[in-house]
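Subject: Structure for you to look at

Hello,

Here is the structure I said I would pass on. Please open it beside this email and follow along as you read.

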Amino acid sequence: LPFFLRSLKKWKNAPETGFARFGILGLVGVGVIPILSAFIFNISGKSIGEYLALFILGFYLFSQDGVIDLCKKYRWPLTGVSLALLALADYLFQQKSVGLNVFAFLGLKTIMWVSVLAALGLGAKYLNFSNRATRYFAKSSFPVYILHQPILLCVAFYVLETISSPY
């Protein structure tokens, strides 16, 4: 954590080196980093390298206001591209013309990344407000976050006993 905080301070003080200067195509293109990292430590379809790359990339990328402003500026084109790619992927999978190969993997990861950028842009534009209800939920979210895990584990313990599993 100290390394991230120290480097983030340097990163924020040098806006000319930020990701926002590359424009929206550079922002979409930087999503290639986690895709390429997906093949590192891939255990049963879950890649430690991919999630680590997503975490570090998200930390550096979305800590910059210019990136969020860029997502907000291009929210509708990103949403349109995301929905069009999702509809195309759904059509191709329904037609069974695309199996689960490397190209389908890369295509789904691209759809996910563009969808995240679109959701951030829409959220920055339409969900960035404060009122009495949002202040209340902001204060009460942490206890819910902490308490939901033991509750879910207790419910799962009893529910899984009643479900017959093929494993």
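There are zero disulfides in this structure, which is a predicted model. Two cysteines can be set side by side here. Cys71 is buried, because its relative accessible area is 0% and buried means under 20%. Cys154 has a relative accessible area of 48%, so Cys154 falls between the buried cut-off of 20% and the exposed cut-off of 50% and counts as partly exposed.

Cys71 is also a good place to start on helix α5, which spans residues 65–73. The buried residues of α5 are Val67, Leu70 and Cys71. Why do they sit on the same side of α5? They do so because they cover an arc of only 100° around the axis. The other side of α5 has Asp65 and Lys73, which are exposed.

Two of those buried residues turn up again in the core. The largest nonpolar core has 10 residues: Val30, Leu57, Leu61, Val67, Cys71, Leu78, Trp113, Val114, Leu117 and Ala118. Which helices supply at least two residues each? They are α4 (48–61), α5 and α7 (102–126). Of these, α7 gives the largest share of the core, with four residues.

Helix α7 also holds Ala119. Ala119 is partly exposed, as its relative accessible area is 48%. Look at Ala119 together with Ser82: the two are 37 residues apart in sequence, and their C-alpha atoms are 9.8 Å apart in space.

Next, the surface. A nonpolar patch of about 930 Å² is formed there by Phe142, Tyr145, Ile146, Leu147, Ile151, Val155, Val159, Leu160 and Ile163. One of these residues, Val155, is found in helix α8, residues 132–162. Is Val155 buried, partly exposed or exposed? Val155 is partly exposed, because its relative accessibility is 47%, and that value lies between the cut-offs of 20% and 50%.

Last, the overall layout. The chain has eight helices and two strands. Read from the N terminus, the order of elements is α-α-α-β-β-α-α-α-α-α. The chain has 167 residues, and 25% of them count as buried.

If you want a route through the model, begin at Cys71, which is buried, go on to the core that Cys71 belongs to, and finish at the nonpolar surface patch that includes Val155.

Regards

Definitions and conventions: Residues numbered from 1 in each chain as written. Predicted model: local features only at pLDDT ≥ 70, side-chain atom pairs only at ≥ 80, totals over all residues. Heavy atoms only, no water. Buried < 20%, exposed > 50% of the residue type's maximum accessible area, 1.4 Å probe, protein only. Arc of directions from axis to C-beta. Core = buried A, V, L, I, M, F, W, Y, C linked by side-chain atoms within 4.5 Å. Disulfide = S-S within 2.5 Å. Patch = residues over 30% accessible without salt bridge, like charges linked within 9 Å, V, L, I, M, F, W, Y side chains within 5 Å. Areas by Shrake-Rupley, 256 points an atom, 1.4 Å probe, with all protein chains shown as cover. Salt bridge = Lys/Arg side-chain N within 4 Å of Asp/Glu carboxyl O.
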